[in-house]
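Here are my notes on the model you sent. Please read them with the structure open.

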Amino acid sequence: MSVAAAPTLAGEPDDHPGVRLSGETLMGLRHLARRGVSPATRTLAGLPGGIVTRRRGRGSEPDDVRLWSEGDDMRHIDRNATARTGTLHVRTHHDERDRAVVLLADFRPSMLFGTRRALRSVAAAEALVLLGWRIVGDGGRVGLVVGSAGEPAAVRPAGGERAMTAVTGALALAHSRALAAEGDDPPLDPLLTLAASLLPSGGHLVIASALDAPGPDFDRLLTVLAERLSIRLLLVSDAFERERPPGHYPFATADGHRGTIQGDPRGAEARTDERLAAYARRGIEGLRLDVEAGPEVYAPLMERLDAVL
């Protein structure tokens with residue numbers, strides 16, 4: 001599972017909206033991601049949850065030198081400017097936020113499923129790209145890990161529009177290959193290890209997955225990694241999973257496999273929320289991503305998530 005540069009993707013026509021991903025469509029989400037972003041938003045940070053607070057302290061990076069005014073801390077006086085001008089000057093600072101974020105997209109066979117609007121894999125990619133655009137727009141670095149039935153793809157964290165071009169191209173190509181691949185879900189454990197290898201201590205990992213068959217070691221490894229990384233979870237949920245009435249539903253896959261899914265009236269939506277609460281108790285905050293909602297709804301959710309990364 002070596003890390004390689006993101007492959008380029010010639011524009012694949014988006015002839016199956018909700019099923020296929022195109023790099024052009026993902027690049028076009030930039031306007032949604034940047035809507036409403038202001039300098040004030042970029043200086044907010046801090047605590048998990050719905051409340052956004054300002055970081056305490058003056059920061060560590062020099063910002064500007066200005067005239068001293070009543071109430072300024074005398075410890076911040078700039079001696080050189082004061083000696084040169086004969087008037088008190090103070091040096092201001094800003095918070096250093098070299099955010100390195102790896103987006104982990106689950107494109108395994110179980111994610112290639114959807115009953116309304118799009119496949120779960122497509123919804124995962126849309127939300128991650130919206131978040132990625134916000135991060136690079138605020139000076140952060142974004143990388144990518146994509147898991148499918150074949151070999152995982154990875155893009156090292158980088159900044160700017162070029163980074164998002166690599167991320168969106170890699171997502172589109174990986175999704176196209178995932179649709180053509182056959183096999184069962186491999187465990188997610190190796191993807192966590194690969195993603196962690198791309199991040200410094202204190203970096204951020206954002207996972208978009210339904211977490212079907214994550215593997216026997218997934219939860220333990222996730223807990224271990226949460227000690228040195230900030231981990232956030234986008235739990236992708238299809239409407240059929242949450243609202244499935246009782247009964248037996250036959251299905252057939254492209255490779256000829258047939259079976260039935262049993263409807264469960266016991267409240268799948270509540271179980272999804274309970275699952276998120278269980279991860280939150282271990283320090284891994286998350287939110288539910290409803291496939292049928294679409295990018296217009298995902299954008300404000302990613303804005304909230306961006307504020308606490």
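1. Which residues does F107 touch, leaving aside those up to four places away in sequence? The model is predicted. In it, F107 touches L21, L112, S121, A125, V146, G147, S148, L171, A174, H175 and A178.

2. F107 also stands out in the largest nonpolar core. This core has 48 residues, and F107, L171, V206 and L234 touch the most other members. Helix α5, residues 120-137, supplies the largest share, twelve residues. Another core lies apart from this one. That second core has 27 residues, among them V102, L188, I207 and Y279.

3. Next, the sheet. Six strands make it up, and it is open. The order is β7-β6-β5-β8-β9-β12, with mixed pairing. β7 (153-159) and β12 are the edge strands. Each has a single partner strand, so one side of each lacks a neighbour in the sheet. From one strand to the next, the twist averages 15 degrees.

4. Helix α11, residues 295-307, packs on this sheet. The helix touches β8, β9 (230-237) and β12. The direction of α11 makes about 175 degrees with that of β12.

5. Is strand β5 (residues 100-106) enclosed or open to the outside? Seven of its seven residues are buried, so β5 is largely enclosed by the rest of the structure. A100, V102, L104 and D106 point one way from the strand. V101, L103 and A105 point the other way. Both sets are buried, D106 included. In a regular strand, side chains alternate between the two faces of the sheet.

6. What pairs with β5, and in which sense? One partner is β6 (residues 141-147), parallel, over seven bridges. Here A100 stands opposite R141 of β6. The other is β8 (residues 204-209), also parallel, over five bridges. A105 has A208 of β8 as its bridge partner.

7. Check the connection as well. β5, α5 and β6 form a β-α-β unit, and the unit is right-handed. Helix α5 is thus worth viewing twice, because the largest share of the 48-residue core also comes from this helix.

8. Last, look at R288. R288 lies in strand β12, residues 285-290. The side chains of R288 and D290 are joined by a polar contact of 2.7 Å. R288 and L301 are 13 residues apart in sequence. Their C-alpha atoms are 9.7 Å apart in space.

Note on methods:
Residues numbered from 1 in each chain as written. Predicted model: local features only at pLDDT ≥ 70, side-chain atom pairs only at ≥ 80, totals over all residues. Heavy atoms only, no water. Core = buried A, V, L, I, M, F, W, Y, C linked by side-chain atoms within 4.5 Å. Buried < 20%, exposed > 50% of the residue type's maximum accessible area, 1.4 Å probe, protein only. Helix = DSSP H or I, 4+ residues; strand = E, 2+ residues; numbered from the N terminus. Contact = heavy atoms within 4.5 Å. Pairing = 2+ DSSP bridges. Right-handed = clockwise from strand over helix to strand, strands pointing away. Polar contact = N/O pair within 3.5 Å; in protein donor to acceptor, adjacent residues only side chain to side chain. Axes fitted to C-alpha atoms, helices over the stretch in contact; angles between N-to-C directions.
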